[in-house]
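Trainee: Could we go through this structure together, one question at a time? I would like to hear the reasoning behind each answer.

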Amino acid sequence: YMRRDHYFDAREWLTKAEARNQKFNLYGNRIKRRIHECNVRLLNEADDSFKAGDYQQAKEHYAALDHGLSDADKQRCAVYLRSACVYCKLKDYPNADQSVLAALRYNHDPELALTLPPLLQQVLMPEGEDIAAGEHQEKLKSQIDAQATAIMNDLMARDTWHVTN
């Protein structure tokens, strides 16, 4: 699977192999290293999809990454915050809001995450239906888009796997 760049499938298979290896420990830490390599590659693929503007694929990759990481690795990668940024780019503001709340709940870069809720709440709770309100909504959506890009640029600039908390 890894040679074919199917890192999600490889990680699933390796996770099963790791569970079976616990009984006799034939492979030492090699399986864990391969699982880590799959996680690194999955995060890189997701980030590359985001950079390329393929937000649907990025969303799928972050979701796949979310299901196989430990809580500490989820926090290290800020998976929920990354997902929130993808939802912002897809203009799926209710899911973006939920992902930001999860990021805050699980301490996924709260200093960055706290920049999105005020903007999202304004978009989710529109004040009126007149022309000025419509222009304000478009301005807010543009601000959310820019903020999501800034957050992702910050997250992608980090050396995620070597950060110590």
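Trainee: At roughly what angle do the axes of helix α3 and helix α5 cross?

Mentor: Happy to help, and keep in mind that this is a predicted model. Two packed helices are described by the angle between their axes and the distance between the axes. Here α3 covers residues 55–66 and α5 covers residues 79–89, and their axes come within 9 Å. The crossing angle is roughly 160 degrees.

Trainee: Is α3 roughly parallel or roughly antiparallel to α5?

Mentor: The axes cross at roughly 160 degrees, and angles over 145 count as roughly antiparallel. That makes α3, relative to α5, roughly antiparallel.

Trainee: Does α3 pass α5 in a left-handed or a right-handed crossing, and which residues of α5 make the contact?

Mentor: The crossing of α3 past α5 is left-handed. From α3, the contact takes in Tyr55, Ala58, Lys59, Tyr62, Leu65 and Asp66. On the α5 side, the residues are Val79, Tyr80, Arg82, Ser83, Val86, Tyr87 and Lys89.

Trainee: How many residues in the contact of α3 with α5 are nonpolar?

Mentor: Let's sort the contact residues by type. One is polar and four are charged. The nonpolar residues number eight.

Trainee: How many residues of α5 are buried?

Mentor: The buried residues of α5 include Leu81, Ala84, Cys85 and Cys88. Charged side chains are on that list too, among them Arg82 and Lys89. The helix is mostly covered, and the buried count is 11 of its 11 residues.

Trainee: What is the phi of Ala78, and where is Ala78 found?

Mentor: Most residues other than glycine have a negative phi, and most peptide bonds are trans. Ala78 is not a glycine, yet its phi is positive. The residue is found in the loop between α4 (71–77) and α5, and at 0% relative accessibility it counts as buried. The phi of Ala78 is about 55 degrees.

Trainee: Which residue just after α5 takes a positive phi?

Mentor: We have looked at the loop before α5, so let's turn to the other end. The phi there is about 60 degrees. The residue is Lys91.

Trainee: How many aromatic pairs are there, and what kind of pair do Phe50 and Tyr55 make?

Mentor: The count comes to two aromatic pairs. The rings of Phe50 and Tyr55 have centres 5.2 Å apart. Phe50 counts as buried at 6% relative accessibility, whereas Tyr55 counts as partly exposed at 21%. Their planes stand at 65 degrees, so the pair is edge-to-face.

Trainee: What kind of pair do Tyr80 and Tyr106 make?

Mentor: Tyr80 sits in helix α5, and Tyr106 in the loop between α6 (93–105) and α7 (110–113), so this pair links parts of the chain 26 residues apart. At 18% relative accessibility Tyr80 counts as buried, while Tyr106, at 46%, is partly exposed. The ring centres are 5.7 Å apart and the planes are at 40 degrees, so the pair is tilted.

Trainee: Is Asp109 buried or exposed?

Mentor: Asp109 lies in the loop between α6 and α7. Asp109 has a positive phi of about 45 degrees, although it is not a glycine. Its relative accessible area is 12%, and under 20% is the cut-off for buried. Asp109 is therefore buried.

Trainee: Which residues does Phe8 touch, not counting those up to four places away in sequence?

Mentor: Phe8 is found in helix α1 (residues 7–24), and at 30% relative accessibility it counts as partly exposed. The C-alpha atoms of Phe8 and Leu42 are separated by 7.2 Å, with their positions 34 residues apart along the chain. The residues touched are Leu42 and Ala64.

Trainee: Which residues is Gln137 in contact with, leaving aside its neighbours within four places in sequence?

Mentor: Gln137 has its place in helix α9 (residues 131–157). The residue is buried, with a relative accessible area of 16%. Its contacts are Gln122, Val123 and Pro126.

Trainee: How many helices and strands does the chain have?

Mentor: Buried residues make up 41% of the 165 residues in the chain. Of the contacts with a separation of 6 or more, 61% come from residues 24 or more positions apart. The chain has zero strands, and its helices number nine.

Technical notes: Residues are numbered from 1 along each chain as its sequence is written. This is a predicted model: local features need pLDDT of at least 70, side-chain atom pairs count only at pLDDT 80 or more; totals for chains, interfaces and linings use all residues. Side-chain values use heavy atoms; hydrogens and water are left out. Axes are lines fitted to C-alpha atoms, for helices over the stretch in contact, and angles run from 0 to 180 degrees between N-to-C directions. Helices (H or I, at least four residues) and strands (E, at least two) are DSSP runs, numbered from the N terminus. Angles under 35 degrees count as roughly parallel, over 145 as roughly antiparallel, 65 to 115 as roughly perpendicular and the rest as oblique. A crossing is left-handed if the near helix is turned anticlockwise from the far one by less than a right angle, and right-handed if clockwise. Contact means heavy atoms within 4.5 Å. Buried means under 20% relative accessible area, exposed over 50%, partly exposed in between (1.4 Å probe, protein chains only). Rings of Phe, Tyr and Trp (its six-membered ring) pair if their centres lie within 6.5 Å; planes under 30 degrees apart count as stacked, over 60 as edge-to-face and the rest as tilted.
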